Amino acid sequence: ATSAAAVDPGQLVQTSKRRLKEHIWVPRLVIICDMTSGFASGMTIRFFPLFFKNKTGLSPAAVSTIFVISPLLMVVFARIAY
């Protein structure tokens, strides 16, 4: 067992730098996943009104009502949750 006084500070710095280099892929992976999710949402969410109109037979007014009420209910339930 080595004591704390026997540890070389330069070695600690090198070890820290090596660990940073080993884990540099983590933030890049998070960015790539976030961008992919954002692009996918942007490409699909805009077609939800067509889905509601064609598959469920809702009128454009009913679809618009759903799109207005949904975020309002999210706010209400988020307040209730906290």
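So, the surface to start with: in this predicted model, the protein chain exposes about 7,500 Å², and carbon and sulfur atoms supply 70% of that area. Burial tells a matching story, because of the 82 residues, 2% count as buried, with the cut-off set at under 20% relative accessible area.

Let's turn to the overall form. The radius of gyration of the protein chain is 26 Å, whereas a compact globule of 82 residues would have one near 12 Å. If you rotate the model onto its principal axes, the C-alpha trace spans about 75 × 30 × 15 Å.

What about secondary structure? The protein chain has four helices and zero strands, and read along the sequence the pattern is α-α-α-α. H1 covers residues 9–22, H2 covers residues 25–44, H3 covers residues 48–56, and H4 covers residues 60–81.

A word on confidence before we zoom in. The mean pLDDT of the protein chain is 83, and 90% of the residues reach 70 or more. Among the elements, H1 has the lowest mean pLDDT, at 71, and H4 the highest, at 92. Where pLDDT is low, the predicted coordinates should not be read in detail.

Now to H4, please. Where is the nonpolar surface patch? Val68, Ile69, Leu72, Leu73, Val76, Phe77 and Ile80 make it, and its area is about 670 Å². Take leucine 72 as an example from that group: this residue lies in helix H4, and it counts as exposed because its relative accessible area is 52%, against a cut-off of over 50%.

Next, the aromatic rings, which I enjoyed looking at. The structure holds two aromatic pairs. In one of them, phenylalanine 52 and phenylalanine 67 have ring centres 6.4 Å apart and planes at 80 degrees, so the pair is edge-to-face. Phenylalanine 52 sits in helix H3 and phenylalanine 67 in helix H4, so this pair ties together parts that are 15 residues apart in sequence. Ring pairs also bring in a third member, linking Phe51, Phe52 and Phe67 into a cluster.

Are those rings buried or exposed, or something in between? Phenylalanine 52 is partly exposed at 23% relative accessibility, phenylalanine 67 is partly exposed at 35%, and phenylalanine 51, which lies in helix H3, is partly exposed at 44%. Helix H3 also holds phenylalanine 48, and that residue is partly exposed too, with a relative accessibility of 39%.

Let me finish with some distances across the model, all C-alpha to C-alpha. Phenylalanine 51 and isoleucine 31 are 20 residues apart along the chain, and their C-alpha atoms are separated by 30 Å. Phenylalanine 48 and glycine 10 are 38 residues apart in sequence and 58 Å apart in space. Then there is aspartate 34, found in helix H2 and exposed with a relative accessible area of 53%. How far is aspartate 34 from phenylalanine 77 in space? Between their C-alpha atoms it is 25 Å, with 43 residues separating the two in sequence. Phenylalanine 77, you'll remember, is one of the residues of the nonpolar patch.

That's my tour, so please do jump in with comments.

Notes
Residues numbered from 1 in each chain as written. Predicted model: local features only at pLDDT ≥ 70, side-chain atom pairs only at ≥ 80, totals over all residues. Heavy atoms only, no water. Patch = residues over 30% accessible without salt bridge, like charges linked within 9 Å, V, L, I, M, F, W, Y side chains within 5 Å. Areas by Shrake-Rupley, 256 points an atom, 1.4 Å probe, with all protein chains shown as cover. Salt bridge = Lys/Arg side-chain N within 4 Å of Asp/Glu carboxyl O. Helix = DSSP H or I, 4+ residues; strand = E, 2+ residues; numbered from the N terminus. Buried < 20%, exposed > 50% of the residue type's maximum accessible area, 1.4 Å probe, protein only. Rg over C-alpha atoms; globule rule 2.2 N^0.38 Å. Phe/Tyr/Trp six-rings, centres within 6.5 Å; stacked < 30°, edge-to-face > 60°. pLDDT = per-residue confidence, 0-100.
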